[in-house]
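The following paragraphs lead through a predicted model. Please consult the sequence and the structure shown below while reading.

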Amino acid sequence: MTQPKERQKSRLWVRPAILGLLLLTAGFLLMPGQTALPPQATPTPQPTPDARDARESAYEKDTQALTRLVEDETLDSETRQEAARRLSRLLDEHQQELNVQRALEGAGYAVSVVLLQNGALTVALDAAEVTAELSAAILSLCLAHTDVGAENIRIMPSGS
């Protein structure tokens with residue numbers, strides 16, 4: 001399904017704007033005499049276990065349910081194949097979530113949780129607010145570790 005031409009035209013600025021923001025941030029970080037900005041102004045708090053525990057619990061529950069469907073020989077082949085495709089996609093999304101989370105934490109960011117669902121990536125940070133510089137740096141890491149487009153990445157504070 002294609003979008004009306006007016007809507008497509010109204011969105012033409014999004015990608016160049018994000019690219020410009022990333023290039024501006026990269027240029028600032030590469031300026032002579034500049035040191036890299038610290039990822040956070042405050043010490044890194046411990047990750048929020050509640051959000052991660054909820055994600056992992058949901059992941060385990062979904063994985064078990066899909067595995068049961070794949071292994072249920074009383075179901076027709078098409079249903080089992082669809083369950084196998086969904087299980088494969090779930091495993092891939094979960095691995096990408098973990099990769100992004102590890103990359104962000106390795107860079108010194110306090111991440112509450114990373115969720116990848118339906119082609120959209122949400123990164124919740126253990127921070128009261130997200131600055132433009134912080135958002136640009138996190139966006140570049142997310143783009144490097146997933147195949148999600150910048151327009152489908154949401155970076156937000158977790159409210160701590």
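H94 has a relative accessibility of 8% and therefore counts as buried, the cut-off being under 20%. This histidine belongs to helix α4. Apart from neighbours within four places in sequence, the contacts of H94 are R55, E56 and Y59.

Helix α4 spans residues 77–106, and its axis comes within 9 Å of that of helix α5, residues 132–145, with a crossing angle of roughly 140°. The arrangement of α4 relative to α5 is therefore oblique, since only angles over 145 degrees would count as roughly antiparallel. The crossing of α4 past α5 is right-handed. On the α4 side, the contact is formed by Q96, N99, V100, A103 and L104, while α5 contributes I138, L141, C142 and H145. By character, the residues of this contact comprise six nonpolar and three polar ones, with no charged residue.

Two residues of that contact, L104 and I138, reappear in the largest nonpolar core, which has 19 residues. Together with L121, V123 and L125, L104 and I138 touch the most other members of this core. Two or more residues each are given by α4, β1 (111–117), β2 (120–125), α5 and β3 (153–157). Helix α5 supplies the largest share, five residues.

V123 illustrates how these elements meet. Beyond residues up to four places away in sequence, V123 touches L104, V111, V113, V114, I138, C142, R154, I155 and M156. A second core, separate from the first, has five residues, among them Y59, A83, L87 and L90. Y59 is also one of the contacts of the buried H94.

Terms used
Residues numbered from 1 in each chain as written. Predicted model: local features only at pLDDT ≥ 70, side-chain atom pairs only at ≥ 80, totals over all residues. Heavy atoms only, no water. Axes fitted to C-alpha atoms, helices over the stretch in contact; angles between N-to-C directions. Helix = DSSP H or I, 4+ residues; strand = E, 2+ residues; numbered from the N terminus. Parallel < 35°, antiparallel > 145°, perpendicular 65-115°, else oblique. Left-handed = near helix turned anticlockwise from the far one by under 90°. Contact = heavy atoms within 4.5 Å. Nonpolar A, V, L, I, M, F, W, Y, C, P; charged D, E, K, R; others polar. Buried < 20%, exposed > 50% of the residue type's maximum accessible area, 1.4 Å probe, protein only. Core = buried A, V, L, I, M, F, W, Y, C linked by side-chain atoms within 4.5 Å.
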